[in-house]
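This briefing introduces one protein structure to a reader who has not met it before. Please look over the sequence and the model below before turning to the points that follow.

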Amino acid sequence: MRVAFVHPDLGIGGAERLVVDLAVALKGRGHEVVIYTGHYDPRRCFPATRGLDVRVRAKWLPRHLLGLGHIVFASLRHVVMSLCLLFASSEHFDVVVCDQIATGVPILAMRYPVAFYVHFPDKLLASRGSVLRRIYRAPFDWLQERTTGA
């Protein structure tokens, strides 16, 4: 089976540990695994990633702008990575596993079966202390609801 993972930032964290462990386990069982990510630094990641096929897409998009807009750029990177799999890749995958960000799930679902996993939905994690913050979050909360089926 050919499996693609779409993960926003392949660094060191709980979600990354899960993705890497699952990718390594699948590869160990003879499956072909490719991880698409928006950021990957082999010096700052789990050592097991060095034995995997990791492909960076959308690295040209910043992670934030002056410390602001993290969710904006994470969502945009996810859409770009998803579009790359849909249109710029001649490869076929039997399943695509997305985690953390669901923005690209409807795009990927046009061509592949998609499994989406999230530790804790961003909608429940993000603060909404001010009116401005609630206005900023509203479109992303709406989008997360639509793309995860929550």
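Is Ala-58 buried or exposed? Ala-58 counts as buried because its relative accessible area is 5%, and under 20% is the cut-off for that class. The model in which this residue sits is a predicted one. The points below begin with the whole protein and then turn to its strands, its loops and several single residues.

**Overall form**

- The protein contains five helices and five strands.
- Read from the N terminus, these elements follow the order β-α-β-β-α-β-α-β-α-α.
- The radius of gyration is 15 Å, which agrees with the value near 15 Å that a compact globule of 150 residues would have.
- Along the principal axes, the C-alpha atoms occupy a box of roughly 50 × 35 × 25 Å.

**Surface, burial and charge**

- Of the 150 residues in the protein, 43% are buried.
- The accessible surface amounts to about 8,100 Å², and carbon and sulfur atoms contribute 64% of that area.
- Among contacts with a separation of 6 or more, 55% join residues that are 24 or more positions apart.
- There are 19 positive and 12 negative side chains, and 4 Å separates the centres of the two sets.

**Strand pairing**

- Strand E1 (residues 2–7) pairs with E2 in the parallel sense, over six bridges. Within this pairing, Ala-4 has Val-34 of E2 as its bridge partner.
- E1 also pairs with E4 in the parallel sense, here over four bridges. Val-6 is matched with Cys-98 of E4.
- E4 pairs in turn with strand E5 (residues 114–117), again in the parallel sense and over four bridges. Cys-98 stands opposite Phe-116 of E5, so that Cys-98 has a partner in E5 as well as being the bridge partner of Val-6.

**Burial of the strands**

- Strand E2 (residues 32–37) is largely enclosed by the rest of the structure, because five of its six residues are buried.
- Strand E4 (residues 95–99) is mostly covered, with five of its five residues buried.
- In a regular strand, side chains alternate between the two faces of the sheet.
- In E4, Val-95, Val-97 and Asp-99 point one way, while Val-96 and Cys-98 point the other way. Residues of both sets are buried.

**The start of strand E3**

- Asp-53 belongs to strand E3 (residues 53–56).
- Asp-53 counts as partly exposed because its relative accessibility is 31%, a value that falls between the 20% and 50% cut-offs.
- Beyond the residues up to four places away in sequence, Asp-53 touches Val-33, Val-34 and Ile-35.
- Asp-53 and Val-34 are 19 residues apart along the chain, and their C-alpha atoms are separated by 5.0 Å.

**Positive phi angles in two loops**

- Ala-58 lies in the loop between E3 and H2. Although Ala-58 is not a glycine, its phi is positive, at about 65 degrees.
- Gln-100 is in the loop between E4 and helix H3 (105–108). Its phi is near 70 degrees, which is likewise a positive value in a residue other than glycine.
- Ala-58 is buried, whereas Gln-100 is partly exposed, with a relative accessibility of 29%.

**Two serines of helix H2**

- Ser-82 is found in helix H2 (residues 70–88), and Ser-75 has its place in that helix too.
- Ser-82 counts as buried because its relative accessibility is 0%.
- Leaving aside neighbours within four places in sequence, Ser-82 is in contact with Gly-104, Ile-107 and Leu-108. Helix H3 spans 105–108, and Ile-107 and Leu-108 are among the contacts of Ser-82.
- Ser-75 is also buried, with a relative accessible area of 8%.
- Ser-75 touches Ile-101, Thr-103 and Phe-140, not counting residues up to four places away in sequence.
- Ser-75 and Arg-29 are 46 residues apart along the chain, and 32 Å separates their C-alpha atoms.

Notes. Residues are numbered from 1 along each chain as its sequence is written. This is a predicted model: local features need pLDDT of at least 70, side-chain atom pairs count only at pLDDT 80 or more; totals for chains, interfaces and linings use all residues. Side-chain values use heavy atoms; hydrogens and water are left out. The radius of gyration is taken over C-alpha atoms; the globule rule is 2.2 Å times the number of residues to the power 0.38. Buried means under 20% relative accessible area, exposed over 50%, partly exposed in between (1.4 Å probe, protein chains only). Contact means heavy atoms within 4.5 Å. Accessible areas come from the Shrake-Rupley method with a 1.4 Å probe; for residues, only the protein chains shown count as cover. Lys and Arg count as positive and Asp and Glu as negative; His and the chain ends are not counted. The place of a charge is taken as NZ of Lys, CZ of Arg, CG of Asp or CD of Glu. Two strands pair if DSSP finds at least two bridges between them.
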